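Colleague: Got a minute to go through this one with me? I'd like to learn how to read the surface and the fold.

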Amino acid sequence: MRLRVAHLTTVDVSLRFLVMPQLTEVVGQGGEAFGISAPGPWVGELEAAGIRHLPLPSSTRGVSVASDLRAALELWRLLRRHRLDVLHTHNPKPGVYGRILGRLAGVPIVVNTVHGLYATEDDHWIKRLVVYLLEAIASRFSHAELVQNVEDLDLLARYRIAGRRKLALLGNGVDLARFDPAAVSPDARRRVRAELGVTPDQVLVGIVARLVAEKGYPELFEAMAALPDRFVLAAAGPDDPTTADALPRERVASAAAAGVRFLGMRTDVEELYAAFDLFVLPSHREGFPRSAMEAAAMGLPIVAADIRGCRQVVDDEETGLLVPVRDPDRLAAALARLGGDEDLRKRMGEAARRKALAEFDERRVVERVMATYARVGERKGLQLA
């Protein structure tokens, strides 16, 4: 049989930048790959790679029960129309209704990837109860739960949110051939810094993340304001006005007036990393941050929040520095320490590159995903080829 696999996400940018290697692997093995999400500007690239896009017009990142219900109904119709072998969902919202509807629609194999539970053990108990309960319900409808982060894996097993037989550690990875300092033009650093108006003696601090408060931008802006003028911040990432914690326009404007370079969505991030002196990610919540892995692969030292996900990318005092979440003073101190010590940056950057080569290869992630489909299919007596 020709394997028919669909990945379900909220928006098309997630299909393009988070799971595209898993989709193209299905195509490469002679199967049919589908991406299900809200339509957007990345659909063309998906289809050019042989991936068929099935639109969910009502799917949004924002909080809207009405939109979510409409998106669920749209998904139900798609699942009844297209005979899939595998539905692979990605949380938070599509991971809940997708697992349930996939199983009810008779999809033979339903797999979910936990990119990072939407609540941590530090959150208020009401939020944790709601999130854990929804995950517990949805996981009863899946055949496998692939968890990117070992801390989430332990929590899901400890609280019996998902059955131990379903749980497996997936990890996360990036394209190590693309994110390789040797693969970037030697002129990239000088050219990008010139475009940004950054001189050779200035310290360019970089972040690649959506413009939402959850990524730690408010604390980062405050920390940068406390540093000398030789420290410059460049922020690459799309605006996300539909989310509840989108950065207010006036906050972005004031940061830009203070010297922050807002670069918008960029597809040449490997050249940006080459221009940065260090990378920062002061997020409040992460699963297994891709941008931090990319920065590590490019040989950058990293300052990150001491939270689940960031702890899996950054080895404190070895590949970078971990600081308390929502603490602009400690964040500023860590940036000042790394920014003021070129030898330390070099040593930690080299260690980060070694860690990336050893632990962050996306090819291993793809192999684990495909092996999961085969394992579940074999258990169910299905011939998947």
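Modeller: Sure, starting with the surface: the accessible area of the chain is about 16,700 Å², and carbon and sulfur atoms hold 53% of that. Areas like this come from the Shrake-Rupley method with a 1.4 Å probe, and for residues only the protein chains shown count as cover. This is a predicted model, where local features need pLDDT of at least 70, side-chain atom pairs count only at pLDDT 80 or more, and totals for chains, interfaces and linings use all residues. Residues are numbered from 1 along each chain as its sequence is written, and side-chain values use heavy atoms, with hydrogens and water left out.

Colleague: What percentage of the residues of the chain count as buried?

Modeller: Buried means under 20% relative accessible area, exposed over 50%, and partly exposed in between (1.4 Å probe, protein chains only). Here 56% of the 385 residues are buried.

Colleague: Is P228 buried or partly exposed?

Modeller: P228 counts as partly exposed because its relative accessibility is 45%. P228 sits in the loop between helix 9 (217–225) and strand 9 (231–236); those elements are DSSP runs numbered from the N terminus, helices being H or I of at least four residues and strands E of at least two. The chain has 16 helices and 13 strands.

Colleague: What separates the C-alpha atoms of P228 and Q202?

Modeller: A distance of 9.9 Å, with the two residues 26 apart along the chain.

Colleague: And the overall dimensions?

Modeller: The C-alpha trace spans about 60 × 45 × 35 Å along its principal axes.
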